[in-house]
Amino acid sequence: IESHFVNVQEVGAAFGVLHTTVDDVEVDISLPRRDSKVGPGHKGFAVDVDPFLSLREALRRRDFTINALLKDVLSGEVIDPFGGRDDLRARVLRPVDAATFVEDPLRVLRAVQLVARFRLSVANDVKTLLASMVGALNELSRDRHRDEWRKLFLKASAPSLGLELARETGVFSTLPIVGAMKETPQDKEWHPEGDVWMHTRMVCDAAAEICVRERLEGTTRLVVMLGAFCHDLGKPETTQTIDGRVRSAQHSSVGVRHVREALAFFGMEALRDVVEPLVAYHQESYALHHQLVSDSPPGDGAIRSLARRVHPSTIDQLLLVAEADSTGRGPFPDGTVLRNDEVARDWLRDRAHELDVRAGRPPDVIRGNDLLALGLKPGPHFGVIVRAANRLHDEESAPRAAILDRIKRAAGTTVQDGDWERVLTS
């Protein structure tokens, strides 16, 4: 290889992988090799590079038949000794060799994300094979777990298929909230699709379609998709049957308590602060819109307050999760429910746009410099005062001058740090 190319580097020496550049195109060259399982995990293999290995034997080490294809770049011939093209046409995911397939537990998660990305089916005997490997998933690093789940949430057109395969094969055994969702019923009038897990899967599919429509990528798409997965985590804990109707009061706020464990399972704890508000307030557009016909319709302050509460996520992201939640259920005979939900979301989107808070929270009514100018000494109470001032402005429409005057009068008395919010808002 070095005699034909320049600047050849060993990027995966242990796996016989070389890297070079041809006419500004980066090329990875994977040499024919035999693998022998010698230890746990994805890297527990002894690799023997053999340039004289037959093509069939070289391909036998691949995971699935659809990945065991080669093309002769000179003749154009496709080399397919294990029927990968037929499986592609039939949209079937099948291991190349069951005996060697089980040596790498990462293949369980690869199956999950491939099924979701390409809408593949999996035979029962393959599901049994995958289930037998689930116990070895703990041999994989958190990065390996996260990489495969990211592929599902970022690339899948039908995430529900992969999520259900994961549940059926026991991948979610260390995330028991999934099993609880499967056992939690919903009110048939509002959720004719069935249990909470079925609804969650449908919501994830709806969210994937929305992300494509809105051209969302990377972290932005990931946040919306995780918000869709987590939005009803509180239902198993709150669902009751009252007067013959299934109710899940306060499930949004209760669900926030389960976000951390879900994101930890996917290896995405870093997004917790952004996903939690989407779970906590995913019904807020409907609640605020309902007030329009009440005796106390929401004012501008209510919209600004929501933008602050949902931060560091945004009202735009919240509305996308709410849309996925609404459309990820049914079917409804006349579609009235979905139309009413759309009206509520459009109303909130328009109000937030008018107030310029769709993509971020409004600025604080007062800042630290204002408090210093009033003679207050810096400390943790500054944050308490700023938040209380925002509440007064948003919820009571108190003007900035009146808020500063209230702080000034309070500063002339003895106020303990923890009492500032009570003093200012009472």
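Reader: Why is Glu237 called partly exposed?

Author: Glu237 has a relative accessible area of 47%, and partly exposed lies between buried, under 20%, and exposed, over 50% (1.4 Å probe, protein chains only); Glu237 therefore counts as partly exposed. The model is predicted: local features need pLDDT of at least 70, side-chain atom pairs count only at pLDDT 80 or more, and totals for chains, interfaces and linings use all residues. Residues are numbered from 1 along each chain as its sequence is written, and side-chain values use heavy atoms, leaving out hydrogens and water.

Reader: What makes Arg257 exposed?

Author: Its relative accessibility is 55%, so Arg257 counts as exposed.

Reader: How do you know that Arg257 and Glu237 meet in a salt bridge?

Author: A salt bridge requires a side-chain nitrogen of Lys or Arg within 4 Å of a carboxyl oxygen of Asp or Glu. For Arg257 and Glu237 the N to O value is 2.6 Å, so the pair meets the definition.

Reader: Why is Asp187 called buried, and Arg247 partly exposed?

Author: Asp187 has 8% relative accessibility and therefore counts as buried, whereas Arg247, at 36%, is partly exposed. These two residues also form a salt bridge, with their closest N and O atoms 3.8 Å apart.

Reader: Why is Cys211 not bonded to Cys204?

Author: A disulfide is a pair of cysteine sulfur atoms within 2.5 Å. The sulfur of Cys211 is 10 Å from that of Cys204, the closest cysteine sulfur, and this is too far for a bond. A search of the whole structure finds zero disulfides.

Reader: What makes Cys204 buried?

Author: Cys204 has a relative accessible area of 0%, and is therefore buried.
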